[in-house]
Amino acid sequence: MSIDEKYTQGLRDYEERINSVSSQEMVINMGPQHPSTHGVLRLELITDGEIVKDIIPHLGYLHRCFDKHAESINYTKTIPFTDRLDYLASMNNSHAFVMGVERMLGIQDKIPKRIEYIRVLVCELNRIASHLIAIGTYGIDIGAFTPFMWCFRDREHIMNMLEWASGSRMLYNYIWIGGLFYDLPVNFEERCLEFVDYFKPKLQELDGLLSNNEIFIQRTANIGVLPADVAINYGCSGPMLRASGIKWDLRRVDGYSVYPEIEFDVPVGKGEMGSLGDCWDRYKVRVDEVKESVRIIEQCLERLMGDFKRTVNFDPRALVPKKVNLKAQDYYVRAENPKGELGFYFVTAEKTDIPRRVKARGPSFNNLSVLPELGRGVLIADLIAILGSIDIVLGEVDR
């Protein structure tokens, strides 16, 4: 079956489903303006009263066009566009892309350890910022306003530090092929340690505010249960997959950058408040991952202030190539982003620094695709809780 035939068949299936709506059912549009769709996502719901019978997600309201942008410019110029995939975790996006190009160039083992530890440091800071958005907005979805304010208050400190390092507030263009835009500012490490000391008790407060809150538990426990086999079959990754009990974290599985040298645990869902893989588990995995990111940051700072401290002669751009010359090859690179596995598939050509093909594998796209499975037969109010627990960002859904 050709691509055109598949599209036509999908369209026919959709029209057949809409035309089969009975007189007792309603077709309701949720979004793209609805705040709980977390961006320009439209969910077409077929409901029987308050019960959701079917869900049809509609994408295509953002048109980021990353893949085609990346095929029209060279590798170096693509990095600012990677920032705009998951724009809540820009450092992580550029880290994955840069690692792929460095491996194709064969310089991955030449990158100085100070650069690698700085990369991990800023990526874990960005991971915390991303998870704070997920936790805070999830509180709003459920009806809790205070966690939202607390999360944005603490995220602001991270935003200020990353802006100090890169000069940009959200879209950083900081991690470059072969190095960094610049070394960390003087006293950055000390300020980061101050943030860690400030943030640890705040995180405990946040955890206590929601995790054992009776209303929050009733709204999330045993809701949107995602079995492990369904998660695997849909290609789910990140907290979505780990909340279903599968200990799969690419920082451990692939051991990229300096993660093998760092001690941290991989949190998984345990079904503590309800069923394994429910909304509460997905929330709790993110909270626990923030705690582990704090551990990683502390170890990075220890090494950056010790064995790999700044020197006068350190040049973070020493290995940055003026032109990326690659042999013709196909290559796939992946990394553990806050929302899951971000992958880039390259098809390169000789005698040009512009790739022939670039395909981004955004974790939010696969994670969102499981929504119809999770949402059938639930109340409309529970659908809001399920969608919020997925933690999507539309920049990497509609690329």
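This passage describes two antiparallel sheets, the helices that lie across them, and the cavities of a predicted model.

Residues are numbered from 1 along each chain as its sequence is written. Because the model is predicted, local features are reported at pLDDT of at least 70 and side-chain atom pairs at pLDDT 80 or more, whereas totals for chains, interfaces and linings use all residues, and side-chain values use heavy atoms, with hydrogens and water left out.

One open sheet consists of 3 strands in the order E1-E2-E3 with antiparallel pairing, where strands are DSSP runs of E of at least two residues and helices are DSSP runs of H or I of at least four, both numbered from the N terminus, and where two strands count as paired if DSSP finds at least two bridges between them. Its edges are formed by strand E1 (26–30) and strand E3 (51–58), each of which pairs on one side only. Neighbouring strands of this sheet are turned against each other by 25° on average, direction ignored. Strand E2 (residues 42–48) is joined to E3 in the antiparallel sense over 7 bridges, and Ile-46 stands opposite Asp-54 in E3. Helix H15 (residues 380–390) lies across E1, E2 and E3 and runs at about 35° to E1; contact here means heavy atoms within 4.5 Å, and angles, from 0 to 180 degrees, are taken between the N-to-C directions of lines fitted to C-alpha atoms, for helices over the stretch in contact.

A further open sheet is formed by 3 strands in the order E6-E7-E8, again with antiparallel pairing. Strand E6 (330–337) and strand E8 (357–361) stand at its edges with a single partner strand each, so that one side of each is left without a neighbour in the sheet. The twist from one strand to the next averages 15°. Strand E7 (residues 340–347) pairs with E8 in the antiparallel sense over 5 bridges, with Val-358 in E8 as the bridge partner of Phe-346. Helix H4 (residues 90–105) lies across E6 and E7, at about 150° to E6.

The count of cavities (sets of points on a 1 Å grid over the protein atoms alone where a 1.4 Å probe fits but cannot get out) comes to 4 of 30 Å³ or more. The largest cavity has a volume of about 40 Å³, a volume being the space filled by probe spheres set on points joined across faces, edges and corners. Ala-134, Ile-135, Tyr-138, Tyr-283, Arg-286, Gly-388 and Ser-389 line the largest cavity, lining residues having an atom within 4 Å of a point. Helix H5 (113–142), helix H12 (279–304) and H15 each give two or more residues to this lining, and the largest share, 3 residues, comes from H5.

Key: On a 1 Å grid over the protein atoms alone, a cavity is a set of points where a 1.4 Å probe fits but cannot get out, and a pocket is an open set with protein on both sides within 12 Å along at least five of seven lines; lining residues have an atom within 4 Å of a point.
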